Structures are given as C-alpha cells and as structure tokens.
Amino acid sequence: MTLQSLWEARHPHSPVPPAELSGSWDVVVVGGGITGLTTALLLARAGKSVAVLEARHVGAGTTGRSTAKVSALQGTQLTSISRRHPDRVVEQYVRANLEGGAWLARFCDEHGVDRQVRAAYTFGFGSRGAAAARRESRIALRAGLPVTWVDEPDLPFETSGAVRLDEQFQVDPLELVEALAGQARAHGVTIVEGVRVRRVNGSDPVRLVTDVGAATAHTVVVATNTPILDRGAFFARVSPARSYSVAFRTTGPAVDGMYLSADSPSRSLRDAPADDGSLLLVGGAGHTTGRTGSPAARLDELRAWTAEHFPNAVESHAWSAQDYVPHHALPYAGPLLPGHDEILVAGGFSKWGFTNGVAAALALSGRILGGHLEWADAFRTWGTHELRGGIDSARMNAEVGFEMTRSWLRPLARPGLGAAPAEGEGEVRFDHLGAPTAISRTGGVERRVSAVCSHLGGVVRWNDAERSWDCPLHGSRFGADGEVLDGPATCGLGTG
Ligand SMILES: Cc1cc2nc3c(=O)[nH]c(=O)nc-3n(C[C@H](O)[C@H](O)[C@H](O)COP(=O)(O)OP(=O)(O)OC[C@H]3O[C@@H](n4cnc5c(N)ncnc54)[C@H](O)[C@@H]3O)c2cc1C
Ligand code: FES
C-alpha cells in the first residue's frame with residue numbers, strides 16, 4: 001500500500017473508467033497537475049479547443065502531495081538563483097512568482113477555493129541559517145519583495161531569526177485541482193484520465209501516441225513535471241528530489257505562518273484547517289530519488305523531530321512526493337527543441353510549483369496566443385541560462401554516471417533468486433541469466449519484475465515507505481507490479 005496524503009484522504013477520487021482516445025485539438029496538454037490544468041483553462045478561455053491527457057487522475061502527481069504554500073518567499077531560492085544569474089533575472093523570477101500567486105489568489109476567490117492568508121518565513125536554526133536567511137532577505141529586498149526581519153518567530157524551539165513576507169497564502173491542493181478541472185471543463189476542455197502518453201511525433205499536426213489510442217494537435221504542452229520526452233534532454237538538466245510530509249493533530253493552534261528552515265535539518269511547517277481545529281504539517285528529510293537506504297527512516301526522522309518540539313502532536317497522515325530541481329536554479333517553460341514551438345514543456349519548479357507552475361502556464365499560453373511576457377525570459381528553455389549552471393550540471397551528471405554503475409553493482413551483494421523478501425520488503429537480485437530482477441512482497445503477494453528502468457536502463461531500488469521501485473538516475477518510479485508512478489519513464493518495468 002502506498003502512502004496517502006492528507007489531501008488525497010480528504011478528496012478520494014473515483015476509479016477512472018477505461019479510456020479510449022481519438023481526436024484532434026488546437027492544443028493537447030499532457031499532465032493534469034496545477035501546470036497542465038491552468039494552461040488548459042487559460043487557452044480554453046481564449047477560444048482554443050483543448051484536451052488534457054492525464055496518465056492517472058487529475059492531481060495524482062506532485063500537485064496532490066504538495067504542502068501547497070503559495071509564496072514568493074521560498075526558503076533560500078533567490079540566493080540559489082542569484083549565485084548563478086544577474087539581478088535582472090532574479091527580478092524576473094520574482095515578478096513571475098508574484099504574477100503566478102496573484103492569478104491563483106484571484107482564481108481561488110472567484111471560484112470558492114478556501115485559501116488561508118499567512119506570513120511566509122525563512123528561519124535559521126543556528127548562525128549559518130541566520131546568515132543564509134539574512135542573505136535571502138537582502139536579495140529579496142533588492143528584487144522588490146517587501147520582506148522584514150523577525151528576531152524571534154513564534155515557534156516552540158530556538159531559532160536564530162527569520163525573514164518574513166506578509167500576505168502569502170496556503171491551500172488544500174486537491175480542492176484547487178478540482179476547481180481548476182471544473183472550470184476547464186466548463187470552458188470546453190476535454191479531460192481524459194487514465195491515458196498515458198508514450199510518444200509525441202511530427203509537426204502540424206503533432207501526433208500523440210498513448211496506451212489507449214492516438215490524438216493530434218497543432219501544439220502539445222508537456223506538463224508532466226519532468227518531461228516524458230528525451231529530446232532536449234531535460235531529464236539531465238534536473239535532479240529528482242523526494243521529500244516527506246507528516247500531518248499531526250495538535251491541541252491548540254499549530255503554527256501561525258508558513259515556515260521553511262534555511263539550514264539543517266530542513267524543516268517546513270504550516271497549519272491546515274480541520275473540522276475539529278487545525279492540523280500541523282511538518283515536511284523535510286529530502287534526498288535525491290532512489291539514493292537513500294530507507295525512505296521509511298526519513299519519515300521516522302520527521303516523527304521524532306516533531307515529538308521533541310510539539311509533544312502533544314498525534315500523527316494523522318504521512319506521505320512523500322517528488323519535485324525536480326534544475327541545475328541552474330530556474331524553472332523552464334518553452335519549446336522542447338529550439339525554434340520548434342509545436343511542442344512546449346514546463347517544469348523544474350524546485351518545490352515551488354504553485355506560483356511557478358501558474359507562471360509557466362501564463363508564459364506558455366501567452367506564447368501560444370502570440371504574446372510575450374517580459375518576465376518569461378527567466379523561464380527560457382534554451383539560451384545562456386543553461387551555461388550558468390555548467391558546474392552544477394557537470395556534477396549532477398557525473399553523479400548520475402556513478403549511480404548507473406553503482407545501481408548495477410548493488411545486486412551483486414545478493415546473488416541468486418533465493419527466498420522471497422518479507423512483507424513490505426523488496427530486493428534486486430540477478431536471475432540465472434544474469435538479469436537484475438526486482439522481487440517484492442506486498443499485501444501477501446510476491447511479485448517479480450525486471451529491475452531495469454524502462455527510461456535509460458538504471459537499476460531500480462526498493463522504497464520501503466511507498467513500496468515502490470525507484471530509479472536512482474532520473475527519478476522514474478514504479479509500483480511493486482512495475483506500473484509507472486513518476487516520469488520520465490513512459491513504460492512500466494518488464495516481466496522479471
Ligand atoms: C514534498 C513537496 C512539497 C511541496 N510543497 C510546495 C509548496 O508548499 N508550495 C509550492 O509552490 N510548491 C510545492 N511543491 C512543488 C509543487 O507541488 C510542484 O512543483 C507542482 O505541484 C508541480 O505541478 P505540475 O502540474 O507541474 O506536476 P504534477 O502535479 O506532477 O502533474 C504532472 C501530471 O502529469 C501526469 N503524467 C506524467 N506522465 C504522463 C504521461 N506519460 N502521460 C499523461 N500524463 C502523465 C502525472 O500523472 C501528473 O498528474 C512541493 C513539492 C514537494 C515534492
Ligand atoms: S529514470 Fe532515467 S534511467 Fe531510470
């Protein structure tokens with residue numbers, strides 16, 4: 001059984017009936033998260049015929065497992081950008097996020113989506129954190145954000161101060177997704193769930209091949225968080241980052257704002273209104289997907305930390321999710337290949353997709369409709385930005401190469417197909433033909449599938465929290481039965 005987010009528990013989705021696909025649209029959007037649904041809605045409002053093709057159900061990706069803070073103060077994100085790019089780009093990024101946040105606030109208010117206005121804080125645990133938060137504060141002020149400094153934020157543990165931005169907000173991400181999908185449908189968007197796009201070829205029209213049929217479009221927007229198409233090599237420009245969230249019932253108010261630490265341990269805090277008071281959401285303990293021994297231990301780390309600082313907190317939900325962190329620190333929204341506007345991509349939101357995903361949607365829909373937003377230059381997919389992440393890019397790709405070798409060597413420690421693993425466990429072993437086989441036992445059922453990732457051949461690793469097979473190279477994830485959970489893979493693990 002995979003973990004369920006607080007939001008998924010509050011908004012259970014109906015089973016998706018078997019889908020069929022054929023048809024032709026002005027624009028087909030692949031992916032029904034915040035980015036894809038917002039893009040579809042904007043284009044439909046402008047008179048385009050639009051379809052959204054979603055592999056599982058709307059909100060099933062990172063959006064439905066997010067902590068859904070909508071803020072232009074984003075930990076130390078401006079510092080990361082400022083290290084690599086000139087002030088002009090930092091300002092464009094801030095403007096994009098302010099526009100994304102403002103659009104979302106208007107949408108929530110017009111369509112009855114509850115949003116709670118909160119101050120956002122980046123706080124320090126110690127002197128390094130204070131220095132990082134002060135640096136972020138200086139850059140934010142330079143970029144036009146009216147931040148202030150707070151010596152003692154209202155938290156039940158010692159901090160070294162915090163930078164604060166008022167009038168930000170938080171939502172229930174699946175309440176938002178339902179409203180976006182409802183509005184998109186009301187404007188004529190066809191949303192087809194349970195359709196996995198496997199290939200996108202040609203131009204004018206572009207042809208999308210899925211597991212249940214094909215479709216054509218003048219323009220395709222790939223809003224799958226990490227692009228499912230290898231052309232453009234976006235999978236090599238980002239690092240897949242998994243992190244963990246736990247919701248707790250508390251006696252008394254949880255926290256009065258949306259907090260993120262600037263130093264270790266990385267901790268995110270917010271409240272979530274509940275019928276009988278409010279819940280405390282604690283996030284953190286992140287790592288690169290597929291590169292930690294025990295994801296379950298990461299959840300335990302969050303539980304232990306919360307027990308120490310919020311002793312009355314009682315756990316209600318625990319879950320994990322992943323986002324993609326680009327090596328040059330800027331999101332992207334633009335053509336998959338330079339000079340070819342028939343396939344556009346968006347992603348690389350570094351765990352800030354509620355403002356960035358909407359900004360990407362505004363940028364892409366503007367582009368399709370023939371306009372240009374000045375701040376959208378910060379989101380360019382091709383240009384000099386890429387060069388500014390050169391050293392980080394080289395390091396990330398060297399790590400991927402190392403992981404490729406390591407992932408193939410790891411099963412050598414467990415030769416032969418011996419006894420099946422215990423309940424909830426999984427192991428990769430070489431079979432008698434020398435092929436790595438992923439063997440797991442969940443719900444009393446033993447399953448054997450190929451351990452070779454269908455994307456580019458990494459060997460997957462068992463995730464003992466989500467009971468999934470995770471690839472340490474570019475973050476594809478698969479269920480115990482081999483079904484794709486997260487991209488860039490578009491096909492499941494083969495039969496073992
Ligand atoms: C733990 C965590 C906490 C976060 N907290 C915040 C926060 O507080 N504030 C904030 O702004 N951001 C936050 N983020 C980031 C934010 O949630 C994401 O950036 C954002 O949700 C990404 O939205 P998306 O629509 O681009 O992608 P997704 O929501 O992942 O949607 C992509 C969709 O594409 C579908 N798909 C994939 N492959 C295919 C295919 N081949 N065919 C058809 N469909 C396909 C998937 O099923 C999925 O539904 C957080 C991220 C994490 C991991
Ligand atoms: S995700 Fe690329 S090889 Fe597995």
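## A tour of two sheets

Start by selecting residues 425-430 and 436-442: strands S18 and S19 pair here in the antiparallel sense, with 6 bridges between them. Keep in mind as you look around that this is a predicted model.

For a single pair to zoom in on, pick Val 428 and then Ala 438 in S19, its bridge partner.

Now add residues 445-450, which is strand S20. You have the whole of an open sheet on screen: 3 strands in the order S18-S19-S20, paired antiparallel. Which strands stand at the edges? Those are S18 and S20. Each has a single partner strand, so one side of each is left without a neighbour in the sheet. Turn the view and check how the strands sit against each other: neighbours in this sheet are turned by 20 degrees on average, ignoring direction.

Next stop, further along the chain. Select 461-463 for strand S21 and 484-486 for strand S24. They belong to another open sheet, built from 4 strands in the order S21-S22-S23-S24, again with antiparallel pairing. S21 and S24 are its edge strands, and each of them pairs on one side only. From one strand to the next, the twist here averages 35 degrees.

To finish, bring in residues 468-470, which make up strand S22. How many bridges join S21 to S22? There are 3, and the two strands run antiparallel. Show the side chains of Trp 462 and Trp 469 for a last close-up: Trp 469, in S22, is the bridge partner of Trp 462.

Key. Residues are numbered from 1 along each chain as its sequence is written. Chains are lettered from A and ligands numbered from 1 in the order in which they are written. This is a predicted model: local features need pLDDT of at least 70, side-chain atom pairs count only at pLDDT 80 or more; totals for chains, interfaces and linings use all residues. Side-chain values use heavy atoms; hydrogens and water are left out. Two strands pair if DSSP finds at least two bridges between them. Axes are lines fitted to C-alpha atoms, for helices over the stretch in contact, and angles run from 0 to 180 degrees between N-to-C directions.
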